[in-house]
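These notes record what I looked up in the structure, entry by entry. I began with charged pairs and then turned to strands and a helix.

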Amino acid sequence: MSVPGAARLFLVDDHPLVRAGLAHLLQASGFAVAGEAGSISETLAHPALATKPLVIVDLALGDESGIDLIKRLRRRGLSVLVYSMHEGAHVIRSALNAGAGGYVTKREAAHSLAEAIRAVCAGSRYLSPRAAAAFHEPTPLDGLSGQQRQLYRLLGQGCANEEIARQLTISVRTLESYCARMIDKLGVHGVKELRQRAIRDAVVSEPGAGTNI
């Protein structure tokens, strides 16, 4: 049962069972769950947003990016807390840069989420222990050059080599050379794994991140 005056929450996760479990946990902790949704469009159209709840967002929403949703929620004046399985420093930074007030990884103890809710509602930024540790560690992506980051972004968008080469105004042979260097820097096993990682990161990273680095 929620406590009168408790923080009002809105849950965004594309798995209904996860939302149900999270709602039960939060309500048992005294919070009020104002609503829930499984996609960006469903979230933005929900009438409960008019009550200005704290929105708890997962970053992987099917083929949609939670980073994009964070930006759109912030433009409406809503506070956002990320609750995600992703623990990469670049993902955490993207979420905070997009306007999230806090970040909790799904491998944390349950009390971390409650602490984060109270902190963000009070106007403070909160990083759970695992998120804080990851945030301050350098990542392999930090070692990529500006053009390599653009290449990584285009790989994440599913572009073919010929299209990437055209956009970067380089030859396909030069593109293949860049990929070979990136494979070494990122510690992946071949172009296929490089593409898979880029696509996975693209779903949860800030759109266009790194293009001007």
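**Charged pairs, strands and a helix**

I first looked up Arg166, which at 55% relative accessibility counts as exposed. The cut-off for that label is over 50%. I note that the model is a predicted one.

*Entry 1: the pair in H8.* I asked which residue Arg166 forms a salt bridge with. The partner is Glu163, and the closest N and O atoms of the pair are 2.8 Å apart. I placed both residues in helix H8, which spans residues 161-168. They lie three residues apart there, about one turn of the helix. Glu163 has a relative accessibility of 27% and so counts as partly exposed.

*Entry 2: a network of charges.* I then counted the salt bridges of the structure and found seven. Among them is the one between Asp13 and Lys106, with the closest N and O atoms 3.0 Å apart. I located Asp13 in the loop between strand S1 (8-12) and helix H1 (16-28), and Lys106 in the loop between strand S7 (102-105) and helix H5 (110-121). The pair therefore ties together parts that are 93 residues apart in sequence.

I next asked whether Asp13 is buried or exposed. Its relative accessibility is 6%, so I recorded Asp13 as buried. Lys106, with a relative accessible area of 29%, is partly exposed.

Lys106 also forms a salt bridge with Asp58, where the closest N and O atoms are 3.4 Å apart. This pair again links distant parts of the chain, 48 residues apart, since Asp58 sits in the loop between strand S3 (54-57) and strand S4 (60-61). I found Asp58 to be buried, at 7% relative accessibility. Through shared partners, the salt bridges join Asp13, Asp58 and Lys106 into one network. As background, I note that side chains of opposite charge can pair when their charged atoms come close.

*Entry 3: strand S1 and its partners.* I turned to S1, the strand that precedes the loop of Asp13. Why is S1 largely enclosed by the rest of the structure? Four of its five residues are buried, which accounts for the enclosure.

I looked up the pairing of S1 on both counts available to me. S1 runs parallel to strand S2 (residues 32-37), and five bridges join the two. Within S2, Ala37 is the bridge partner of Val12. S1 also pairs with S3 in the parallel sense, over four bridges. In S3, the residue opposite Val12 is Val57. I also recorded that S1, H1 and S2 make a β-α-β unit, and that this unit is right-handed.

*Entry 4: Ser65.* I located Ser65 in strand S5, residues 64-65. Its relative accessible area is 11%, so Ser65 is buried. I checked what its side chain reaches and found the backbone nitrogen of Ile67, at 3.1 Å.

*Entry 5: helix H5.* I returned to H5, the helix that follows the loop of Lys106. H5 has 12 residues and reaches 17 Å from its first C-alpha to its last. That is close to the 16 Å expected at 1.5 Å a residue. I listed the buried residues of H5 as Ser112, Leu113, Ala114, Ala116, Ile117, Ala119 and Val120. After H5 comes Gly123, and I noted that its phi is positive, near 90 degrees.

Terms used
Residues are numbered from 1 along each chain as its sequence is written. This is a predicted model: local features need pLDDT of at least 70, side-chain atom pairs count only at pLDDT 80 or more; totals for chains, interfaces and linings use all residues. Side-chain values use heavy atoms; hydrogens and water are left out. A salt bridge is a side-chain nitrogen of Lys or Arg within 4 Å of a carboxyl oxygen of Asp or Glu. Buried means under 20% relative accessible area, exposed over 50%, partly exposed in between (1.4 Å probe, protein chains only). Two strands pair if DSSP finds at least two bridges between them. A crossover is right-handed if, with the strands pointing away from the viewer, the path from the first strand over the helix to the second runs clockwise. A polar contact is a pair of N or O atoms within 3.5 Å; within protein, one must be able to donate a hydrogen and the other to accept it, and residues adjacent in sequence count only if both atoms are side-chain atoms. The expected span of a helix is 1.5 Å times one less than its number of residues.
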